[in-house]
Amino acid sequence: MARKSRKANRRHPLATVVLIAIGLVVTGGGYALFSSTTTASADTNTAASQSVIDEGEKLFAANCASCHGLDMQGTADGPSLIGVGAAAVNFQVGTGRMPMAMQGPQAMQKPVQFTDEQTAALAAYVASISPGPAIPDESLLQADGDAANGGELFRVNCAMCHNVAGAGGALTEGKFAPELTGVLATHIYEAMLTGPQNMPVFNDDNLSPEDKRDIITYLKYIENNPSPGGNELGSLGPVAEGLFVWIFGLGAVIGLMVWITAKSN
Amino acid sequence: MAHDEVSGPHSAASDSSAVETSRGASTGTAVIGSDVVNPGEPPHRKRVTDLDPKKNKHAERTVYTLFYLSIAGSIFAVASYMAFPIEDGDPAALRLNTLFIGVGIALALFGIGLGAVHWGKALMADKEGIDLRHPVAGSAETQARAIEIFDEADRESGFGRRTLIRNSLIGAIIAFPLPGLVLFRGLGPQDQDPVELLSHTMWKKGSRLTLDPSGTPVKAADVTIGSVFHIIPEGLNEREDRLEQKAKAAVLLMRLNPADLNISPGRESWSYDGIVAYSKICTHVGCPVALYEQQTHHLLCPCHQSTFDVVNECEVIFGPAKRPLPQLPIEVDSEGYLVAQSDFHEPVGPSFWERP
């Protein structure tokens with residue numbers, strides 16, 4: 001009896017195999033189920049894309065057409081959007097530059113006016129009218145490229161306007177190149193690709209997608225790593241640093257001099 | 001000293017008012033007449049550390065605390081050198097290392113300085129005194145004796161009499177610094193004419209326009225409207241003197257709508273379908289002009305804000321530059337690559353003496 005119960009308590013030699021088999025079936029089945037759901041949802045995406053485009057069209061007519069024209073042909077108040085692509089829309093609307101608050105030397109960054117879905121709908125609509133640069137692939141935006149190469153390309157192509165540390169700089173007649181810290185990798189990529197406002201276009205023949213990825217890597221590297229020399233003082237260069245030392249350094253020296261020469265009370 | 005009698009009758013509290021009344025109303029910039037009496041020095045005022053033994057004790061404590069703080073700073077600097085080593089490739093570690101060592105050393109030196117000054121001001125004997133200056137001129141005898149010595153030296157050395165020796169010595173002293181000046185010639189190009197070097201760049205007929213820094217040749221079709229390409233001549237990266245050559249040959253390549261370009265007679269063939277190439281070297285003092293605005297077609301120099309209008313062959317529209325940027329004549333070769341037609345037709349960059 002005791003022997004039998006001991007036997008009953010023991011695992012069957014095939015128990016492990018069965019357990020593994022069950023585990024595999026469950027995981028594999030679950031995965032298959034999950035992946036078929038994603039394909040299904042992808043299908044609904046393509047199926048829904050026409051409705052997204054319609055949604056975008058409505059948003060465009062309500063928010064953009066007064067300046068860019070109902071057919072995106074452009075008016076005296078705004079340029080034509082034919083061929084600008086989804087990347088340009090995602091950049092301009094996604095950073096809050098469009099819709100513009102007022103005409104000025106350049107469209108200013110401000111709180112984003114549309115939700116991500118609305119931005120995507122607008123981008124889909126503009127891209128559906130005429131082909132243009134698409135929103136970049138996620139794999140190029142991971143900031144995992146060659147930061148050294150990106151730094152060299154940045155210094156050759158970008159640093160003259162955006163400052164060698166991406167702190168931004170002044171241009172002519174009230175325009176300026178914005179600061180690049182805190183900007184999403186997607187928006188940096190799209191800016192290079194589409195050349196928003198007065199920024200020149202850097203197409204894929206000029207800076208290949210890998211070059212753009214390296215530049216993003218460089219920018220994210222200097223953004224996330226502290227400067228070894230201490231506080232950057234806004235990375236504005238020798239003038240700002242000189243001014244700081246003149247005011248605070250010399251101020252401290254003068255203060256000490258006053259203290260040393262003053263009579264003790 | 002002289003002040004003791006002045007400070008004697010006055011109490012410390014009435015000091016300032018006594019000075020005020022003796023000086024009377026402010027004279028401003030008026031010339032002071034002889035009727036105004038020199039009020040003398042303000043009366044001596046004792047410090048609180050002289051009057052109050054508790055304050056004295058407190059000041060003493062402050063001084064030695066500062067010196068102890070300095071010792072602590074030195075120890076802290078040594079300790080942080082060991083506690084925060086510089087790790088290879090970690091800027092944060094380097095930053096911590098320099099920060100803490102710097103704070104320690106600053107505390108060490110600052111503690112000594114502050115302590116010493118405070119000691120001198122608050123605790124060391126507080127007496128006022130006047131040390132009169134010696135008269136600057138010597139006595140008549142000293143002056144006469146000095147002149148005598150000079151005359152004697154002149155007589156005995158023959159410096160005034162033997163003019164040939166004297167003049168040859170002056171000549172030798174003048175000639176002595178010349179070798180130093182001649183060495184400066186070594187900083188310039190040796191066996192070449194500097195004017196020639198400044199007048200020509202690496203560009204020649206058929207050299208391809210390549211991307212900076214990779215050296216990839218650029219096809220005309222690659223340059224879309226609104227683009228700007230930073231260009232170096234083909235083969236630059238293989239040159240020994242690549243930086244010297246790049247400083248002259250760097251070019252900015254842009255494509256505009258061909259209808260926007262105003263091309264002067266004789267330059268019609270210098271551009272290709274709206275693609276124009278201009279020297280990147282500013283004609284003011286030679287900074288790289290590369291801030292291109294694709295809507296306004298302005299090229300801005302970051303150093304002194306000279307602005308060039310690409311539409312009108314880079315004429316100067318603002319700033320200190322005097323000449324437009326030189327244009328590089330370009331064409332397309334049989335494979336579709338952009339090539340130079342020739343070198344620049346004028347010297348690039350800032351003016352120099354012999355520039356035509």
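**Domains and strands in a predicted model**

In this predicted model, the C-alpha centres of domain 1 and domain 2 of chain A are 22 Å apart.

Me: What makes 49-134 and 136-224 domains of chain A?
Reply: The bounds come from an automatic or database domain assignment. Under that assignment, domain 1 of chain A covers 49-134 and domain 2 covers 136-224.

Me: How many residues does each domain of chain A bring to the contact?
Reply: Domain 1 of chain A gives 14 residues and domain 2 of chain A gives 14 residues. Being in contact requires C-beta atoms within 7 Å. On the side of domain 1 of chain A that touches domain 2 of chain A, seven residues are nonpolar, seven are polar and none is charged.

Me: What share of chain A is called buried?
Reply: The label needs 20 or more other C-beta atoms within 10 Å of a residue's own. Of the 265 residues of chain A, 30% count as buried.

Me: Why are β6 and β7 of chain B called paired?
Reply: Pairing takes at least two bridges. Strand β6 (residues 298-300) and strand β7 (residues 307-309) of chain B are joined by three bridges, so they count as a pair, and they run antiparallel. Within β7(B), Thr307(B) stands opposite Leu300(B).

Me: Why do β5 and β8 of chain B count as edge strands?
Reply: The order in the open sheet of four strands is β5-β6-β7-β8 (chain B), with antiparallel pairing. β5 (291-293) and β8 (315-318) of chain B each have a single partner strand, so one side of each has no neighbour in the sheet. From one strand to the next, the twist averages 30°.

How values were computed:
Residues are numbered from 1 along each chain as its sequence is written. Chains are lettered from A and ligands numbered from 1 in the order in which they are written. This is a predicted model: local features need pLDDT of at least 70, side-chain atom pairs count only at pLDDT 80 or more; totals for chains, interfaces and linings use all residues. Helices (H or I, at least four residues) and strands (E, at least two) are DSSP runs, numbered from the N terminus. Axes are lines fitted to C-alpha atoms, for helices over the stretch in contact, and angles run from 0 to 180 degrees between N-to-C directions. A residue is buried if 20 or more other C-beta atoms lie within 10 Å of its own, exposed if 12 or fewer, and partly exposed in between; C-beta atoms are placed from the backbone. Two residues are in contact if their C-beta atoms, placed from the backbone, lie within 7 Å. Ala, Val, Leu, Ile, Met, Phe, Trp, Tyr, Cys and Pro count as nonpolar, Asp, Glu, Lys and Arg as charged, and the others, Gly among them, as polar.
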